[in-house]
Amino acid sequence: MGDYNIYKMQKKLKKYIDEARYTHTLGVMYTAASLAMCHGADIERAQVAGLLHDSAKCIPNPKKLKLCRQNDIPVTEAEQKAPYLLHAKLGAYLAREKYHVRDPEILSAIECHTTGKPAMTLLEKIIFISDYIEPLRTKAANLAEIRRLAFWDLDKAVYTTMRDTLRYLEQGNASLDNQTVVAYNYYKEIIQKREES
Ligand code: DGI
Ligand code: FE
Ligand code: FE
(Lines give C-alpha, C1' and ligand atoms only; values in the text may rest on other atoms or scores of the structure.)
(Ligands and ions follow the chains in the order given, each with its own letter.)
Protein backbone atom coordinates (compact mmCIF):
# COMPACT_ATOMS: atom_id res chain seq x y z
CA MET A 1 0.00 0.00 0.00
CA GLY A 2 1.10 3.55 -0.64
CA ASP A 3 1.67 6.43 1.73
CA TYR A 4 -1.59 8.23 1.03
CA ASN A 5 -5.25 7.45 1.65
CA ILE A 6 -6.49 8.75 -1.68
CA TYR A 7 -10.08 7.70 -1.01
CA LYS A 8 -10.14 9.71 2.21
CA MET A 9 -8.64 12.73 0.42
CA GLN A 10 -11.32 12.46 -2.28
CA LYS A 11 -14.14 12.47 0.27
CA LYS A 12 -12.72 15.56 1.97
CA LEU A 13 -11.97 17.43 -1.25
CA LYS A 14 -15.52 16.86 -2.53
CA LYS A 15 -16.86 19.11 0.24
CA TYR A 16 -14.73 22.08 -0.84
CA ILE A 17 -15.13 22.20 -4.61
CA ASP A 18 -18.22 22.14 -6.82
CA GLU A 19 -19.31 19.07 -8.75
CA ALA A 20 -17.93 20.11 -12.15
CA ARG A 21 -14.55 20.91 -10.60
CA TYR A 22 -14.57 17.60 -8.75
CA THR A 23 -15.28 15.67 -11.94
CA HIS A 24 -12.47 17.56 -13.72
CA THR A 25 -10.19 16.73 -10.80
CA LEU A 26 -10.86 13.00 -11.09
CA GLY A 27 -10.09 13.25 -14.82
CA VAL A 28 -6.77 14.92 -14.02
CA MET A 29 -5.99 12.31 -11.38
CA TYR A 30 -6.55 9.36 -13.74
CA THR A 31 -4.81 11.08 -16.66
CA ALA A 32 -1.81 11.85 -14.43
CA ALA A 33 -1.71 8.20 -13.30
CA SER A 34 -1.71 7.06 -16.94
CA LEU A 35 1.07 9.48 -17.89
CA ALA A 36 3.06 8.32 -14.86
CA MET A 37 2.72 4.72 -16.13
CA CYS A 38 3.81 5.80 -19.58
CA HIS A 39 6.83 7.87 -18.54
CA GLY A 40 7.96 5.97 -15.45
CA ALA A 41 6.95 8.45 -12.75
CA ASP A 42 5.57 7.53 -9.34
CA ILE A 43 1.89 6.71 -9.88
CA GLU A 44 0.69 7.55 -6.38
CA ARG A 45 2.39 10.95 -6.34
CA ALA A 46 0.81 11.72 -9.70
CA GLN A 47 -2.61 10.75 -8.35
CA VAL A 48 -2.28 12.88 -5.21
CA ALA A 49 -1.02 15.92 -7.13
CA GLY A 50 -3.78 15.50 -9.73
CA LEU A 51 -6.43 15.13 -7.05
CA LEU A 52 -5.39 18.23 -5.11
CA HIS A 53 -4.22 20.53 -7.92
CA ASP A 54 -7.46 22.58 -7.97
CA SER A 55 -8.33 22.21 -4.26
CA ALA A 56 -8.29 26.02 -3.86
CA LYS A 57 -10.20 26.75 -7.07
CA CYS A 58 -13.57 27.43 -5.46
CA ILE A 59 -12.35 29.87 -2.81
CA PRO A 60 -13.79 33.33 -3.65
CA ASN A 61 -11.14 35.69 -5.07
CA PRO A 62 -11.15 38.17 -2.15
CA LYS A 63 -10.58 35.27 0.21
CA LYS A 64 -7.76 33.98 -1.98
CA LEU A 65 -5.97 37.31 -1.61
CA LYS A 66 -6.65 37.37 2.12
CA LEU A 67 -5.30 33.83 2.61
CA CYS A 68 -2.13 34.80 0.77
CA ARG A 69 -1.66 37.86 2.93
CA GLN A 70 -2.26 35.88 6.12
CA ASN A 71 0.17 33.14 5.17
CA ASP A 72 2.99 35.18 3.64
CA ILE A 73 2.36 33.81 0.17
CA PRO A 74 3.78 36.35 -2.30
CA VAL A 75 1.27 37.74 -4.83
CA THR A 76 2.61 38.85 -8.21
CA GLU A 77 1.22 41.79 -10.12
CA ALA A 78 -0.55 39.43 -12.54
CA GLU A 79 -2.06 37.53 -9.61
CA GLN A 80 -3.27 40.77 -8.09
CA LYS A 81 -5.08 41.55 -11.36
CA ALA A 82 -6.27 37.98 -11.92
CA PRO A 83 -6.58 36.40 -8.45
CA TYR A 84 -7.85 33.09 -9.89
CA LEU A 85 -4.19 32.41 -10.70
CA LEU A 86 -3.58 32.12 -6.96
CA HIS A 87 -5.50 28.83 -6.79
CA ALA A 88 -2.26 27.09 -7.78
CA LYS A 89 -0.15 28.49 -4.91
CA LEU A 90 -3.07 28.16 -2.50
CA GLY A 91 -3.70 24.61 -3.69
CA ALA A 92 -0.17 23.71 -2.63
CA TYR A 93 -0.78 25.48 0.67
CA LEU A 94 -4.01 23.52 1.29
CA ALA A 95 -2.38 20.24 0.26
CA ARG A 96 0.27 20.81 2.92
CA GLU A 97 -1.90 22.26 5.69
CA LYS A 98 -5.25 20.49 5.22
CA TYR A 99 -4.33 17.24 3.47
CA HIS A 100 -0.98 16.71 5.21
CA VAL A 101 1.04 16.32 2.04
CA ARG A 102 4.72 16.97 2.83
CA ASP A 103 6.29 15.73 -0.39
CA PRO A 104 7.92 18.81 -2.02
CA GLU A 105 7.60 17.22 -5.48
CA ILE A 106 3.83 16.94 -5.16
CA LEU A 107 3.51 20.43 -3.68
CA SER A 108 5.56 22.06 -6.43
CA ALA A 109 3.60 20.24 -9.15
CA ILE A 110 0.41 21.75 -7.70
CA GLU A 111 2.01 25.17 -7.30
CA CYS A 112 3.12 25.52 -10.93
CA HIS A 113 0.20 23.75 -12.63
CA THR A 114 -1.36 26.92 -14.10
CA THR A 115 1.66 28.83 -15.41
CA GLY A 116 4.22 26.06 -15.75
CA LYS A 117 7.86 27.00 -15.18
CA PRO A 118 11.27 26.40 -16.75
CA ALA A 119 12.97 23.02 -16.27
CA MET A 120 9.98 21.26 -14.76
CA THR A 121 10.38 17.86 -13.13
CA LEU A 122 8.66 14.86 -14.72
CA LEU A 123 5.83 15.06 -12.18
CA GLU A 124 5.38 18.81 -12.75
CA LYS A 125 5.09 18.24 -16.49
CA ILE A 126 2.65 15.39 -15.99
CA ILE A 127 0.31 17.52 -13.86
CA PHE A 128 0.61 20.53 -16.16
CA ILE A 129 -0.34 18.42 -19.18
CA SER A 130 -2.99 16.27 -17.44
CA ASP A 131 -4.85 19.44 -16.49
CA TYR A 132 -4.98 20.44 -20.15
CA ILE A 133 -5.87 17.08 -21.73
CA GLU A 134 -8.12 15.28 -19.23
CA PRO A 135 -11.09 13.72 -21.04
CA LEU A 136 -13.65 16.40 -20.12
CA ARG A 137 -11.60 19.19 -21.70
CA THR A 138 -13.08 19.98 -25.09
CA LYS A 139 -12.42 23.59 -26.01
CA ALA A 140 -8.68 23.98 -26.53
CA ALA A 141 -7.09 24.08 -29.96
CA ASN A 142 -5.03 21.05 -31.05
CA LEU A 143 -6.33 18.86 -28.22
CA ALA A 144 -6.08 15.65 -30.23
CA GLU A 145 -2.47 16.39 -31.15
CA ILE A 146 -1.47 17.37 -27.61
CA ARG A 147 -3.17 14.25 -26.19
CA ARG A 148 -1.12 12.09 -28.53
CA LEU A 149 2.10 14.01 -27.83
CA ALA A 150 1.59 13.68 -24.07
CA PHE A 151 2.21 9.92 -24.30
CA TRP A 152 4.97 10.18 -26.85
CA ASP A 153 6.95 13.44 -26.48
CA LEU A 154 6.20 15.14 -23.18
CA ASP A 155 8.38 18.24 -23.75
CA LYS A 156 6.74 18.88 -27.08
CA ALA A 157 3.33 18.49 -25.44
CA VAL A 158 4.38 21.02 -22.78
CA TYR A 159 5.66 23.44 -25.43
CA THR A 160 2.54 23.15 -27.57
CA THR A 161 0.25 23.63 -24.58
CA MET A 162 2.12 26.76 -23.48
CA ARG A 163 2.13 28.15 -27.02
CA ASP A 164 -1.62 27.62 -27.39
CA THR A 165 -2.39 28.99 -23.92
CA LEU A 166 -0.42 32.18 -24.66
CA ARG A 167 -2.19 32.55 -28.00
CA TYR A 168 -5.51 32.17 -26.23
CA LEU A 169 -4.58 34.67 -23.52
CA GLU A 170 -3.33 37.19 -26.07
CA GLN A 171 -6.75 37.14 -27.78
CA GLY A 172 -8.31 38.52 -24.61
CA ASN A 173 -6.77 41.21 -22.45
CA ALA A 174 -5.43 38.87 -19.79
CA SER A 175 -2.49 40.07 -17.72
CA LEU A 176 0.33 37.61 -18.33
CA ASP A 177 2.17 36.23 -15.35
CA ASN A 178 5.90 36.51 -15.92
CA GLN A 179 6.31 32.81 -15.11
CA THR A 180 3.98 31.87 -17.98
CA VAL A 181 6.18 33.77 -20.43
CA VAL A 182 9.50 32.60 -19.00
CA ALA A 183 8.31 28.99 -19.04
CA TYR A 184 7.13 29.24 -22.64
CA ASN A 185 10.46 30.72 -23.81
CA TYR A 186 12.35 27.94 -22.04
CA TYR A 187 10.40 25.13 -23.74
CA LYS A 188 10.37 26.93 -27.07
CA GLU A 189 14.16 26.98 -27.03
CA ILE A 190 14.36 23.30 -26.07
CA ILE A 191 12.16 22.30 -29.00
CA GLN A 192 13.91 24.64 -31.46
CA LYS A 193 17.39 23.41 -30.50
CA ARG A 194 16.24 19.84 -30.81
CA GLU A 195 14.77 20.37 -34.24
CA GLU A 196 17.93 22.12 -35.50
CA SER A 197 20.21 19.22 -34.63
O1 DGI B 1 -7.83 25.50 -12.98
P2 DGI B 1 -8.13 24.96 -14.37
O3 DGI B 1 -9.24 25.71 -15.04
O4 DGI B 1 -8.35 23.50 -14.39
O5 DGI B 1 -6.82 25.19 -15.27
P6 DGI B 1 -5.57 26.15 -14.99
O7 DGI B 1 -5.17 26.10 -13.57
O8 DGI B 1 -4.53 25.77 -16.00
O9 DGI B 1 -6.10 27.60 -15.29
C10 DGI B 1 -6.44 27.83 -16.59
C11 DGI B 1 -6.47 29.24 -16.98
O12 DGI B 1 -5.35 29.99 -16.52
C13 DGI B 1 -6.43 29.26 -18.49
O14 DGI B 1 -7.58 29.91 -18.98
C15 DGI B 1 -5.17 30.00 -18.81
C16 DGI B 1 -4.96 30.81 -17.57
N17 DGI B 1 -3.58 31.28 -17.43
C18 DGI B 1 -2.41 30.61 -17.55
N19 DGI B 1 -1.36 31.44 -17.44
C20 DGI B 1 -1.88 32.69 -17.24
C21 DGI B 1 -3.28 32.59 -17.23
N22 DGI B 1 -4.10 33.66 -17.04
C23 DGI B 1 -3.52 34.87 -16.89
N24 DGI B 1 -4.29 35.93 -16.70
N25 DGI B 1 -2.17 35.03 -16.89
C26 DGI B 1 -1.30 33.98 -17.07
O27 DGI B 1 -0.08 34.18 -17.08
FE1 FE C 1 -6.05 24.93 -11.99
FE1 FE D 1 -7.46 21.96 -13.25
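Which polar side-chain atom lies 3.1 Å from an oxygen atom of ligand 1? Select H87 and ligand 1 together: the atom belongs to the side chain of H87. A polar contact here is a pair of N or O atoms within 3.5 Å; within protein, one must be able to donate a hydrogen and the other to accept it, and residues adjacent in sequence count only if both atoms are side-chain atoms.

Before you click on, some ground rules. This is a predicted model, where local features need pLDDT of at least 70 and side-chain atom pairs count only at pLDDT 80 or more, while totals for chains, interfaces and linings use all residues. Residues are numbered from 1 along each chain as its sequence is written, chains are lettered from A and ligands numbered from 1 in the order in which they are written, and side-chain values use heavy atoms, with hydrogens and water left out.

**Stop 1: around ligand 1**

Add H113 to your selection: a side-chain N or O atom there is 3.0 Å from an oxygen atom of ligand 1. Then pick D177, where a polar backbone atom sits 2.7 Å from a ligand 1 oxygen. On its own, ligand 1 exposes 580 Å², and the protein buries 86% of that (Shrake-Rupley areas, 1.4 Å probe).

Now show the shell, meaning residues with a heavy atom within 4 Å. You should get 19 residues, with K57, T114, R137, D177 and T180 the closest. They split into six nonpolar, seven polar and six charged. In this count Ala, Val, Leu, Ile, Met, Phe, Trp, Tyr, Cys and Pro are nonpolar, Asp, Glu, Lys and Arg are charged, and the others, Gly among them, are polar. Colour α2 (19-39) and α10 (154-171), which each supply at least two shell residues; α10 has the largest share, three. Helices are DSSP runs (H or I, at least four residues), numbered from the N terminus.

**Stop 2: the largest pocket**

Ligand 1 sits in the largest pocket, in the sense that more than half of its atoms lie within 2 Å of the pocket's grid points. A pocket is an open set of points on a 1 Å grid over the protein atoms alone, with protein on both sides within 12 Å along at least five of seven lines; a cavity is a set where a 1.4 Å probe fits but cannot get out, and lining residues have an atom within 4 Å of a point.

The volume is about 960 Å³, that is, the space filled by probe spheres set on the points, which are joined across faces, edges and corners. Of the 32 lining residues, select Y132, R137, T165, Y168 and L169, which lie nearest the centre. Two or more lining residues come from each of α2, α8 (122-133) and α10, and α10 gives the most, six.

**Stop 3: the second largest pocket**

Its volume is about 270 Å³. Select residues from its lining, including K12, Y16, S55, I59 and P60. α4 (61-70) and α6 (87-97) each supply at least two. The lining has seven nonpolar, one polar and three charged residues.

**Stop 4: the cavity**

The whole structure holds one cavity of 30 Å³ or more, with about 40 Å³ of space. Select T114, T115, F128, M162, T165 and T180 to see the lining, which has two nonpolar, four polar and no charged residues.
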